[in-house]
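Notebook open, structure loaded. I'm jotting down what I look up as I go.

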Amino acid sequence: MPIEKIVIVGGGVAAWLAALALARKTACAITVQDTGGIDDSLGEPFAVETTLPSISKLHDLLGLDNEQVVRETGSSYALGRALSNWTATAGAAFHPFGEVGASLGPVGFQHLVARLRGEGQSVSFANHSLGALCAQSGRFAPPPAGTRSVLSTMEYGLHLNVAEYRDYLKREATALGVVTLPGSPTELMMDAQGLIATLAVDTGEIIAGDLFLDCSGQARLLSSKLPQSGFEDWSEYLPCSHVRTSASMSSAPPPLYAHIDAHENGWQRFASTQTLLEEVVVSQTADPDGYMFTSGRIEKLWAGNCIAIGGAAAIIDPLASTQLHFVGMAIARLLKLFPHERSAPVEAAEYNRQTIEELENARDFAVLHYKCNGRKGAAFWDECRACALPERLAHKIALYKSCGRTALHDEESFEAWDWISVFDALGIRPRGYDNMANGMPKDRIEAHLAQVRNVMLKAVGSLPTQHEYLQSRKAVA
Amino acid sequence: MSDAEPVRNVVIAGGGTAGWMAAAALSRMLPMDITRITLVESDEIGIVGVGEATIPPIKTFNAMLGIDENEFVARTKGSFKLGIEFDGWLREGETYLHPFGAYGQDINGVKFHHFWLKLQQQGFAVPINEFNMSAVAARHFRFAKPNGNAASAESALDYAYHFDAGLYARFLREYAEQRGVVRHEGKIARVEQRDSDGYISALVMEDGAQIDGELFIDCTGFRALLIEQTLKSGYEDWSYWLPCNRAMAVPTARTEPLLPYTRSTARKTGWQWRIPLQHRTGNGLVYCSDYLTDDDAASILTGNLDAEMLADPRPLRFVTGRRKLAWNKNCVALGLSGGFLEPLESTSIHLIQAGISKLLALFPDKNFNARERDEYNRLTALQWEQIRDFLILHYKLNERPEPFWQRCAAMDIPESLQRKIDLFAGRGRLFRYEDELFSDTNWTAVMIGQGLVPSGYDPLTDSVPDARMKQMLAQMGQSFRQAADRMPSHTEYITQHCLGA
């Protein structure tokens, strides 16, 4: 029996992303069971969600246009993260999206920098990153597609106004025939195969479906009611579990980055959109006005005919802005493995295998920040440095320290340059580098770096400020 | 950086394809004004001409060296290869081509083969190779290098080469010697190791000469003189899954038309290769000694040739598997010293190439950091296992009646391969894992060729109306046929561009 009806539980961003994607790509009837309440469907109830560049791929899949999303929801563009106070010197560094610099022949840019640094020069990655240079000067326009301009290499994410974004998705999905019903499931009725047959909802309704998506955030309204609904807790690697958010109206031109500042017991983040400025404080310390989360994942992400997506599936410390990215990846993966019957064990096993790889790799990326912090003498940070390390991350760190290379695996959310940028931001300098960089004359490397920077600066200079760009698009609309 | 003094003295033990490929690549990529590369080989030691057929990434290797394609093909008396024809692998008398290059075009983000599967299941039995540029050209014995216009049907053609591996080694030797690689003629008498840590310090030649080095590359073939005889790196035996352990090779006279593909024909135990070159055809039988005597192998091989023999059949013995540590201490194994996979998918030269690029990417300093070595070994093991799985697939899915083949069909297979088969069998799902060499096209071709036709297709194909889908597929097929008609024959192309002297 083919899948004809999909029931999505949860009324937040995660639910509406899934609803819109499935409405576009399948012929199924789709119901969103709106459970109301605060929207923590992504994991934490942020007012501003900071995304990775993969948001563009997700929007392509959904048939949405980034520019229109930004305009309709008052959101803004983002080119990376500023990290301050993570090291002993209390300085700031920038983690831009996308690649940094340009290789010279077969030699990667980081090795060229290492060579010059080895000779006592002070060279910064950020000075050779298009994203960092744009973010510094506040200039931005979406890169032109299909040209040879250096601007076409720029990668960007978004700072989304979550409430407006959700409403926008809901409007789009509703226009495609997605039905919304109120109420939370109280009981699952299982069939003889052990699959969910129907949901009893607190409004008294009985909802039938072939495939169920749990997008209810940490409440896990479906997953927690299934047999064998274990949770793998990652707090030993990611110690923070409390978050307090405060958002205020702001019409100041938003910065093109999120600012992530480490403090005594954790870190805080400032992120802005066209209309909001949100401060998020993340720590290990309980906070009566805050929200609690546990980093980790449920053991079976796709169990029977139920798939958990978003915060219901996994939460990783919000440091790396991965929660919306995971929803996008989950949707794309579900579409690739779309089940042909209610029971699809082969597809489910593969889905779970890939997703777990992805979650663990991204977890490691977040863990890196804690593990390699340089705030010596502060109890919380000392403990983080002493904390256990997943073996795969231990290898990544050791290999980078040794020769400036990154060991990447399948299902990485972060590319080589993301890892390198963060290693560098945390003050880690590799002991060795590509020997081929030694084979090149020093002045050739210096000239290359100067040229890279000049080309980038010239391109940045040709761009409007983000504010000017957004204003010009408003005029168009 | 005082503690990271780079390696400046490289010794390559053994010539042949692996040794000279390494010498050529290193001499191209390392600073030769301050680096010494010595290659030690003896004219008395024969070269095992590892597979004379290649796969498309060889083009990247040659491009990295800056080699002109026409000159290379002419010098190696090579020909072009658009895929491999598998004859009798599913059942006697049934043939399929495993072509290079992609099938059709994806529609709305859904892989092409799902639309083909949907058509099949609706009763339109058009062979999938009608939708592959290389396959269509191969069927008509045609070839033309893609012109670079990405919008043209021709650009979907992908190819590799057949060539004389001995001539390739000679060609690369010239290249490497021009760049300063020093060739030292003679046999290695013994290998000197440092007392402190067992690292190799020098090769002592039979004439008494001592060749010192910092990094040693073992290209001594099956002998594995450095990596195994000296360093005892261990061998992982895969003959449970790939039981063939002998081969017999013989060249025959060239035939017409010159086929632009390799042929692999299943025999009652093992299989026979056929590799067309400009000046001769390479043939060989790969078999398992548990099921076939050498005499019977010789008579099967010589009884199944399509032209006169140019030499006596030459025997070869091997155990399929890989060296446990491809990089151990200061020694890296390239070629047969690193392991053996039968040439069923022409991967031998590719594995050498991949080993060289990884070595260049992780090129050591004199400290020989263990993490970098671990990374090299991790990536190498992964690549060998992925290719191993792809080879096992061919054997596992056969329906032949002979005891050898029945055993292969019944064997347990690695979990990684079982997962791929299960995913494909259901709805034609394919995922490419971690830098996998073989793409969706390769797996699709062989799985369908071996009779594993999925029972369903991706339900997301339903987003394209049937009439539109049929129209698009018909257009794709037609554009490939028309493009093939515009191409010269394989023979004409070679005559015009790259005829060997």
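**B:Phe72.** I started with the contacts of B:Phe72: ignoring neighbours within four places in sequence, I get B:Asn62, B:Ile67 and B:Phe171. This is a predicted model, so everything I note here is read off a prediction. B:Phe72 sits in helix H3 of chain B, residues 69-75. Buried or exposed, I wondered about B:Phe72? It counts as buried, because I find 21 C-beta neighbours inside 10 Å, and the cut-off for buried is 20 or more. I also looked up how far B:Phe72 is from B:Leu452: the two are 380 residues apart along the chain, and their C-alpha atoms are separated by 38 Å.

**Strands S4 and S5, chain B.** Next I went to S5(B), residues 95-99, and found four of its five residues buried, which I'd call mostly covered. Strand S4 of chain B, residues 83-87, pairs with S5(B) in the antiparallel sense, over five bridges. For one of the facing pairs, I noted B:Gly83 opposite B:Pro99 of S5(B).

**Helix H15, chain B.** Which residues of H15(B), residues 490-497, are buried? My list is B:His490, B:Tyr493 and B:Ile494. They sit on the same side of H15(B), because the arc they cover around the axis is only 95 degrees. That fits the textbook picture: an α-helix has 3.6 residues a turn, so residues three or four places apart point the same way. I then checked what lies over the buried residues of H15(B), and strand S3 of chain B (79-81) is included in that cover.

**Nonpolar core.** I pulled up the largest nonpolar core and got 288 residues. Those with the most contacts inside it include A:Ile8, A:Ala18, A:Ala19 and A:Ile309 from chain A, along with B:Ile12, B:Ala13 and B:Ala22 from chain B. Helix H1 of chain A, residues 13-25, gives the most to this core, with eleven residues. I picked A:Ala18 for a closer look: leaving out residues up to four places away in sequence, it touches A:Ile8, A:Leu213, A:Cys215, A:Ile309 and A:Ile331.

**A three-stranded sheet in chain A.** Over in chain A I traced an open sheet of three strands, in the order S3-S7-S4, with antiparallel pairing. S3 (48-50) and S4 (76-78) are the edge strands, each pairing on one side only. Direction ignored, neighbouring strands of this sheet are turned by 25 degrees against each other on average. How many bridges join S3(A) to S7(A)? I get three, with S7(A) covering residues 157-161 and the two strands running antiparallel. One partner I wrote down: A:Val48 bridges to A:Asn161 in S7(A). Helix H3 of chain A, residues 66-73, lies across S4 and S7 of that chain, and its angle to S7(A) is about 30 degrees.

**Chain A overall.** Last, the whole-chain numbers. I have 13 helices and 22 strands in chain A. Its radius of gyration is 23 Å, close to the 23 Å from the globule rule for 477 residues, so chain A is as compact as a globular protein of that length. The C-alpha trace spans about 75 × 55 × 45 Å along its principal axes. Of the 477 residues, 53% are buried. As for contacts in chain A with a separation of 6 or more, 77% come from residues 24 or more positions apart.

Conventions:
Residues are numbered from 1 along each chain as its sequence is written. Chains are lettered from A and ligands numbered from 1 in the order in which they are written. This is a predicted model: local features need pLDDT of at least 70, side-chain atom pairs count only at pLDDT 80 or more; totals for chains, interfaces and linings use all residues. A residue is buried if 20 or more other C-beta atoms lie within 10 Å of its own, exposed if 12 or fewer, and partly exposed in between; C-beta atoms are placed from the backbone. The arc is that of the directions from the helix axis to the C-beta atoms. Two residues are in contact if their C-beta atoms, placed from the backbone, lie within 7 Å. A nonpolar core is a set of buried Ala, Val, Leu, Ile, Met, Phe, Trp, Tyr and Cys residues joined through C-beta atoms within 7 Å. Two strands pair if DSSP finds at least two bridges between them. Axes are lines fitted to C-alpha atoms, for helices over the stretch in contact, and angles run from 0 to 180 degrees between N-to-C directions. The radius of gyration is taken over C-alpha atoms; the globule rule is 2.2 Å times the number of residues to the power 0.38.
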